[in-house]
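Trainee: Could you take me through one part of this model slowly? I would like a close look at chain B, please.

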Amino acid sequence: MTDFLRNLIRLRRGPWEMVATILIALGVVMLMQPFALALFTWSFLVTLVGTVMFIIVSHFPE
Amino acid sequence: MPNPLDAAARATPPTVARRIRGLSDRAIAWLFVAPTIFLLLAINIFPLIWTVRLSFTNYRANRPNEEVEWVGLRNYIRILTDDGIWANMQTTAHFLFWTLVLQVILGFALAWLINRKFKGNDLLTTLIVLPMMLSPAVVGNFWTFLYQPQIGLVNYTVELLTGTPANSFSMLGPGGYAPWSIIIVDTWMWTPFVMLICLAGLRSIPDYIYEAAEVDRASKWRQFWTITVPMVLPFLMLAVLFRGIENFKMFDMVVLLTGGGPGNETLLASIDLKREAFEKWRTGYSSAYAIILFVTVFGLASIYVKALNKVKER
């Protein structure tokens with residue numbers, strides 16, 4: 001966990017890609033869940049942030 | 001006999017020859033790549049940017065002379081607060097979830113069986129892979145016949161096994177079977193694909209790992225959970241992501257089978273999008289809808305590429 005946070009602060013690709021991946025997956029789940037319309041409403045924003053973040057952080061050093 | 005290269009060189013007009021000779025390797029490389037880049041921009045990138053632009057307007061393609069109004073985020077807000085579209089997303093999710101679960105279980109089980117050496121292994125593999133090679137249009141049409149209440153083989157088999165009269169229910173009609181019918185067809189068609197990927201994963205496991213486990217007296221069950229599953233998991237993830245992306249966009253087969261019906265029972269997001277764009281002609285609105293689906297697929301594709309790279313590193 002400490003390594004993860006340290007690499008996050010040092011702008012390393014691995015942990016940032018993980019964060020972006022979690023955001024994308026969360027967005028997709030929010031888009032398709034049957035429980036709350038509010039989650040569906042915000043799903044696109046979450047997926048968009050995750051996707052844009054993924055594109056940016058994939059250029060970070062290893 | 002004259003050298004053909006000399007003849008070609010002589011036939012080249014001197015100005016062109018001089019011009020090409022003056023170009024650097026890099027410039028020549030760009031010259032070769034330029035048509036592809038141009039086509040990519042014209043066919044993929046330009047329409048995408050145009051769709052993004054349209055998604056902020058109230059443009060209707062069937063009324064080209066009407067004034068186009070800039071509506072900002074209104075289309076996105078309307079889509080993302082629409083109960084109907086939310087229901088379509090859930091229908092898509094139901095289809096996605098069950099096709100993935102069934103395809104992973106059956107695909108892995110088939111790969112496990114095919115991985116063993118037995119007589120007729122090659123023939124069986126070819127037969128299993130056949131459905132994947134068919135066109136979705138063909139599959140949609142012949143499963144429509146199989147699901148026919150009067151003459152269909154499926155209803156006949158159900159009658160034979162359970163005694164329920166064949167014409168008392170319709171797999172593609174009202175009664176709640178339609179969502180499951182499309183899941184069955186997709187599973188039938190695409191399980192072989194998951195099987196092939198799992199098979200690649202199983203064959204990539206070196207024998208010496210199992211031999212070492214045998215020496216350590218690990219049971220077959222233990223070997224399965226501590227060697228086979230972890231080693232095949234990246235491949236399985238790849239298959240899940242690939243099928244997930246494909247099924248999220250599923251259109252042709254379901255249109256042929258149910259057309260989104262009965263009611264809205266099998267109305268997947270992609271079918272609804274087509275209706276909005278080319279039946280109701282709400283081009284601006286449907287562009288926003290398409291962008292929402294595109295960002296979702298693009299996000300999933302990013303994860304897919306990452307998973308692919310991980311598998312390649314192994």
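Mentor: Happy to! Let me begin with a term: two residues are in contact if their C-beta atoms, placed from the backbone, lie within 7 Å. Please keep in mind that this is a predicted model.

With that meaning of contact, chain B and chain A meet through 17 residues from chain B and 17 residues from chain A. On the side of chain B that touches chain A, the elements giving two or more residues are α4 (74-80), α5 and α14 (283-313). Of these, α14(B) gives the most, with nine residues. Sorted by class, that side of chain B holds 10 nonpolar, six polar and one charged residues.

Now stay with α5 of chain B, residues 83-114, for it also packs within its own chain. Its axis and that of helix α11 (residues 220-248) of chain B come within 10 Å and cross at roughly 145 degrees, and the crossing is right-handed. From α5(B), the residues making this contact include B:Phe95, B:Leu96, B:Thr99, B:Gln103 and B:Phe108; from α11(B), they include B:Leu236, B:Val240, B:Arg243 and B:Phe248. Taken together, the residues of this helix contact are nine nonpolar, six polar and one charged.

Finally, step back to the whole chain. The domain assignment of chain B gives domain 1 as 4-54 and domain 2 as 82-313. The C-alpha centres of these two domains of chain B lie 42 Å apart.

Methods
Residues numbered from 1 in each chain as written. Chains lettered and ligands numbered in written order. Predicted model: local features only at pLDDT ≥ 70, side-chain atom pairs only at ≥ 80, totals over all residues. Domains from an automatic or database assignment. Axes fitted to C-alpha atoms, helices over the stretch in contact; angles between N-to-C directions. Helix = DSSP H or I, 4+ residues; strand = E, 2+ residues; numbered from the N terminus. Left-handed = near helix turned anticlockwise from the far one by under 90°. Nonpolar A, V, L, I, M, F, W, Y, C, P; charged D, E, K, R; others polar.
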